Amino acid sequence: MHCRQGQPQSIEITLEPHGGIRGHCSRCLRPAPGYDRLPERRWSFVPLWGIPTWFCYAPRRVRCAEHGIVVEHIPWSDGKRPVTCAMMGFLALWARRLSWRETARAFRTSWESVYRSVEWFVEWGLAHRELREIESIGVDEIHWGRGLRADNFLTVIYQIDAGCRRLLWVGRRRSQATLRRGLKALGPGVVKGLRFVCSDMWKPYLQVIADQAGQALHVLDRFHITSHLNMAVDQVRRAESACLRTKSKQAAQQLKHTRWPLLRNLNRVRGRARQKLQALLAAKLATARAWELKEAFRHFWKYRSVLWAGAFLDYWCQRAMRSRLEPMKRVARMLRAHEKLLLNWFRAKGEISSGSVEGLNNKIRVVTRRSYGFRTYEAMEIALYHTLGRLPEPESTHKFC
Ligand SMILES: [Zn+2]
């Protein structure tokens, strides 16, 4: 133990090879005769009693019959990293509960070493995970960072089976090439076994899914349709608000602070927000009409029969087209153009849970919002797999957390 002014600074544990046991070749793991010894190296270990702890060991080199002169296999280490596997696993597990920066601070190490530890953990998990019995996947695009350049979008593939919901793949951009790359990474065995694919109406995705997973029922799910409708209501509100502002300040007040109540489901709006919403509806504003259309569409999801749902869709689209609200008309046109895929929701009914894509999508946002902590895209990708991938974990002899 090293102390300064009576305070413990670090614990150094010096290890010696067992005299009677030969070193093992690091490439084939077979025992081999010794050759020489390298200078001492240090690996950081899990802090004991809050004191930074190090393993010190001078590795042997062995003469393997097959691989020549190589460094021996070191059981607590993986590759050239100066961190023990136990410490990497320890940091990686904490990095799921705390931010990476907080983890680094709590265990007196660097952000970089937390990053490398999570990376190691995730790589191990991805190499050891099993991709079997995947019946339903959701494909989604996620916005990331600032701006709307192609690089600011991610394509994600989730497994959304009732028994297992997890992130399967994430890739940069949202083009056909991205999704093709993702499906290729899952392998033809997985893609050909799919029964349901859930996605938004994003054109590049629609084509790739039709090409590669033609046997699966392609469903446009509720979550995405609802967010298109909400976006349209919000566009109407903004345009109207700007228009009222030019007329009078008082008129514009009507729409102030109404964004959230308008986007929520009616039965979730309470108190003053509810009163404001009622007043808005009574005032016959364009925003109110848009909101009514959006609320009316919720009825669509209650149908059981494809036929009736189709009839309702026709009726709703007609109403929207007559509304003189351009954003609502745009949604109606979009829904009409994708009627078949939209009605697949009823053909798959009961087999796909409506909340699963939404739930995973929200969780992803929590991670990407923290993205300023992740300096690079690569770091964020690793964080996503780490928190949402449900990856298997390397075994450890000691449990520290
Ligand atoms: Zn060997």
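Which helix lies across β9 and β10, and at about what angle does the helix run to β10? In this predicted model, the helix to look for is α16, residues 377–388. Helix α16 lies across β9 (153–161) and β10, and runs at about 170° to β10.

From there, let's follow the sheet itself. Five strands make up an open sheet, and their order is β10-β9-β8-β11-β12, with mixed pairing. At the edges sit β10 (164–172) and β12 (217–220), each of which pairs on one side only. From one strand to the next, the twist averages 20°. So far we have looked at the β10 edge, where helix α16 lies across β9 and β10; now walk over to the β12 edge.

There, β12 pairs with strand β11 (residues 196–199) in the parallel sense, over four bridges. If you would like a residue pair to find on screen, try Ser 199, whose bridge partner in β12 is Leu 220.

Next comes the zinc ion. Its protein donors are Cys 25 (SG), Cys 28 (SG), Cys 64 (SG) and His 67 (ND1), which lie 2.1 to 2.3 Å from the ion. Along the chain, these donors follow the spacing C-x2-C-x35-C-x2-H. Why is the arrangement tetrahedral? Because the four donor atoms around the zinc ion subtend angles of 101 to 115°. For four tetrahedral donors, the ideal angle at a metal is 109.5 degrees.

Two of the donors are worth a look for their exposure. Cys 64 has 7% relative accessibility and therefore counts as buried, whereas His 67, at 22%, counts as partly exposed. The cut-off explains the two labels, because buried means under 20% relative accessible area.

Terms used:
Residues are numbered from 1 along each chain as its sequence is written. This is a predicted model: local features need pLDDT of at least 70, side-chain atom pairs count only at pLDDT 80 or more; totals for chains, interfaces and linings use all residues. Side-chain values use heavy atoms; hydrogens and water are left out. Donors are N, O and S atoms within 2.8 Å of the metal (3.2 Å for Na, K and Ca); water is not among the atoms, so sites may look incomplete. Four donors count as tetrahedral if all angles lie between 85 and 135 degrees; four count as square planar and six as octahedral if opposite donors are over 155 degrees apart and all others between 65 and 115; anything else is irregular. Buried means under 20% relative accessible area, exposed over 50%, partly exposed in between (1.4 Å probe, protein chains only). Two strands pair if DSSP finds at least two bridges between them. Helices (H or I, at least four residues) and strands (E, at least two) are DSSP runs, numbered from the N terminus. Axes are lines fitted to C-alpha atoms, for helices over the stretch in contact, and angles run from 0 to 180 degrees between N-to-C directions. Contact means heavy atoms within 4.5 Å.
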